Structures are given as C-alpha cells and as structure tokens.
Amino acid sequence: MQVKGLIEEEQKLTASALVKLSHLSRVYQVKYQLHLSHIVSKYSPGKNAKDLLAKYPADLVIYQVDDSSEFYVTVFDDNLNPAKNNTDKSKSVKSILSIFSSVINSKLDL
C-alpha cells in the first residue's frame with residue numbers, strides 16, 4: 001500500500017502514468033528512511049523490487065521498453081479502468097501495454 005501510494009503521488013506530480021522503478025526506490029528511501037531493497041529482502045528473500053511488485057498484478061503493472069531499459073511501474077485506477085473481474089483486468093493490462101509500446105517505437109521516441 002505504501003508503494004502504491006507513492007506511485008500515485010508521483011503520477012500526480014509528473015503528470016505521467018509511468019514511474020521509473022529506480023525513482024520510486026529513491027522516493028521510498030527519502031519518505032520512509034528505508035531502502036526498498038531492505039523491505040523486499042524481508043518479505044521476499046532472494047527477490048528484487050520488480051519481483052515483489054509483480055506479485056500484485058491486480059494493482060500494479062511493470063513495464064520495460066526493451067531488455068536494456070529501466071523498469072517502469074504504474075497502478076490501475078479503477079475509476080479510469082473499471083474492472084469487474086480478473087478477465088477485465090487482464091484485458092486492461094494488455095490495453096495499457098499496447099498503448100505504451102505503440103508510443104515508443106525507437107530510441108528517439110523514448
């Protein structure tokens with residue numbers, strides 16, 4: 001819930017749906033005086049922040065443009081994307097990812 005709240009705050013501040021995972025980690029450290037990696041190691045030993053966030057697909061989407069780029073994260077806003085069940089949420093994920101991938105087609109676009 002803390003991470004989801006931070007993502008929503010950053011989305012409002014930047015007017016962007018996507019938040020870099022590295023930026024989210026820095027914001028978490030400043031706000032809570034803890035490294036996100038310490039939280040991850042406590043609740044999911046041997047995993048990283050991306051792995052932990054991926055455990056919540058109903059609330060969060062993790063996106064990577066290509067294998068060499070950073071990870072981005074966004075939250076589902078039920079007011080903007082009403083989802084009545086998991087099938088609808090799965091369709092929402094595919095819809096969001098198709099929008100992002102169609103916008104960024106090259107390094108220049110990025």
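## Salt bridges, core and loops in a predicted model

Lys20 counts as partly exposed, at 35% relative accessibility. The structure described here is a predicted model.

Lys20 forms a salt bridge with Glu70, and the closest N and O atoms of the two are 3.5 Å apart. Lys20 lies in strand S1, while Glu70 lies in the loop between S2 and S3, so the pair ties together parts that are 50 residues apart in sequence. Glu70 is partly exposed, with a relative accessible area of 34%.

Side chains of opposite charge can pair when their charged atoms come close. The count for this model comes to four salt bridges. Among them is the one between Lys4 and Asp59, whose side chains meet at 3.4 Å, N to O. This pair links distant parts of the chain: Lys4 belongs to helix H1, and Asp59 sits in the loop between H4 and strand S2 (60-64), 55 residues apart. Asp59 has a relative accessible area of 29%, so the residue is classed as partly exposed, between the limits of 20% and 50%.

Another salt bridge joins the side chains of Lys31 and Glu9, at 3.3 Å, N to O. Because Lys31 is in helix H2 and Glu9 in helix H1, the pair ties together parts that are 22 residues apart in sequence. Lys31 is partly exposed, with a relative accessible area of 44%. Glu9 is partly exposed as well, with a relative accessible area of 37%.

The table lists salt bridges described above.

| Lys residue | Acidic partner | N to O distance |
|---|---|---|
| Lys4 | Asp59 | 3.4 Å |
| Lys31 | Glu9 | 3.3 Å |
| Lys20 | Glu70 | 3.5 Å |

The next topic is the nonpolar interior. The largest nonpolar core has 17 residues, and those with the most contacts inside it are Val3, Ile7, Leu24, Leu53 and Val73. At least two residues of this core come from each of H1, H2, H3, helix H4 (49-54) and strand S3 (71-75). H2 supplies the largest share of the core, four residues.

Which residues does Leu53 touch, not counting residues up to four places away in sequence? With those left out, Leu53 touches Val3, Leu21, Leu24, Leu60, Ile62 and Val73. Val3, Leu24 and Val73 are also named with Leu53 among the residues with the most contacts inside the core.

Gln11 lies in helix H1 (residues 2-14). Is Gln11 buried or exposed? Its relative accessible area is 17%; the limit for buried is under 20%, so Gln11 counts as buried. Not counting residues up to four places away in sequence, Gln11 touches Ser16, Ala17, Val19, Thr74 and Val75.

Two loop residues have backbone angles to note. Phi of Ala15 is near 55 degrees, a positive value in a residue other than glycine. Ala15 lies in the loop between H1 and strand S1 (19-20). The relative accessible area of Ala15 is 74%, and the limit for exposed is over 50%, so Ala15 counts as exposed.

Gln33 also has a positive phi, near 60 degrees, and is a residue other than glycine. Gln33 is placed in the loop between helix H2 (21-32) and helix H3 (36-43). At 63% relative accessibility, Gln33 counts as exposed.

Key:
Residues are numbered from 1 along each chain as its sequence is written. This is a predicted model: local features need pLDDT of at least 70, side-chain atom pairs count only at pLDDT 80 or more; totals for chains, interfaces and linings use all residues. Side-chain values use heavy atoms; hydrogens and water are left out. Buried means under 20% relative accessible area, exposed over 50%, partly exposed in between (1.4 Å probe, protein chains only). Contact means heavy atoms within 4.5 Å. A nonpolar core is a set of buried Ala, Val, Leu, Ile, Met, Phe, Trp, Tyr and Cys residues joined through side-chain atoms within 4.5 Å.
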